[in-house]
Amino acid sequence: MLVTGVEVILAALTAGAGAGVTTTANTAVVDAYQGLKELLARRMGHGSATPAVAGDLVPDVDTVPGIHQAEADAWRTRMATELSLSGAAGDTEILTAARHLLALLESQGALPVAYQVDAREAKGVQVGDRNIQNNTFS
């Protein structure tokens, strides 16, 4: 599956914000998340990550109770457009920072698991998206 720069950055922002609201986030994660936001703020023409700008870069829609899915989708759409137009999605430094943050979160088990499968006593199991399978059991 091909993952674009926009998808990597959005995943890192979302996961970083999710980890940042917990009390268990370590200094390395917090620093990596803040660093990514600062790089994005500079690249997107905001100078430095002031509270207003940083707030725009933080996907609170995924982490704050009471925020609706429509708002989350609107944030993702707006950010995807800004990341593309600003060139941030192709910026090597930003992509490296985003991947670093995701790696830190993954090493701590802080990334959500896409699938949890219990396949005991199952036949012909596939895990993932868009699979096609034809089975003949006797």
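**Exercise 1. Burial and fold**

What percentage of the 138 residues of the protein count as buried?

*Solution.* Start with the model. It is predicted: local features need pLDDT of at least 70, side-chain atom pairs count only at pLDDT 80 or more, and totals for chains, interfaces and linings use all residues. Residues are numbered from 1 along each chain as its sequence is written, and side-chain values use heavy atoms, with hydrogens and water left out.

Next, fix the term. Buried means under 20% relative accessible area, exposed over 50%, partly exposed in between (1.4 Å probe, protein chains only). By that cut-off, 30% of the 138 residues are buried.

Now list the elements. Helices (H or I, at least four residues) and strands (E, at least two) are DSSP runs, numbered from the N terminus. The protein has six helices and zero strands. Their order from the N terminus is α-α-α-α-α-α.

Finish with contacts, meaning heavy atoms within 4.5 Å. Take those between residues at least 6 apart in sequence: 61% of them join residues at least 24 apart.

**Exercise 2. The α2/α6 pair**

Describe how helices α2 and α6 pack.

*Solution.* Step one: geometry. Axes are lines fitted to C-alpha atoms, for helices over the stretch in contact, and angles run from 0 to 180 degrees between N-to-C directions. The axes of α2 (residues 27-43) and α6 (residues 92-107) come within 9 Å and cross at roughly 160 degrees.

Step two: orientation. Angles under 35 degrees count as roughly parallel, over 145 as roughly antiparallel, 65 to 115 as roughly perpendicular and the rest as oblique. α2 and α6 are therefore roughly antiparallel.

Step three: handedness. The crossing of α2 past α6 is left-handed (the near helix is turned anticlockwise from the far one by less than a right angle; clockwise would be right-handed).

Step four: residues. The α2 side includes Ala-28, Tyr-33, Leu-36 and Arg-43, and the α6 side includes Glu-93, Ala-97, His-100 and Leu-101. By class, this contact has 13 nonpolar, one polar and two charged residues. Here Ala, Val, Leu, Ile, Met, Phe, Trp, Tyr, Cys and Pro count as nonpolar, Asp, Glu, Lys and Arg as charged, and the others, Gly among them, as polar.

**Exercise 3. The core**

Which residues have the most contacts inside the largest nonpolar core?

*Solution.* Define the set first: buried Ala, Val, Leu, Ile, Met, Phe, Trp, Tyr and Cys residues joined through side-chain atoms within 4.5 Å. The largest such core has 29 residues, and Ile-9, Leu-13, Leu-36, Leu-40, Leu-83 and Leu-101 have the most contacts inside it. Helices α1 (5-20), α2, α5 (69-86) and α6 each supply at least two residues. The largest share, nine residues, comes from α1.

**Exercise 4. Single residues**

Place Leu-95, Asp-31 and Gln-108 by helix or segment, then by accessibility.

*Solution.* Leu-95 sits in α6. Its relative accessible area is 11%, so Leu-95 is buried. Beyond four places in sequence, Leu-95 touches Gly-5, Val-8, Ile-9, Ala-89 and Gly-90. C-alpha to C-alpha, Leu-95 is 8.9 Å from Leu-36, 59 residues away in sequence.

Asp-31 belongs to α2. Asp-31 counts as partly exposed because its relative accessibility is 48%. Its C-alpha is 9.1 Å from that of Leu-101, 70 residues apart along the chain.

Gln-108 falls in the segment after α6. With 36% relative accessibility, Gln-108 is partly exposed. Leaving out residues up to four places away, Gln-108 touches Asn-26 and Val-29.
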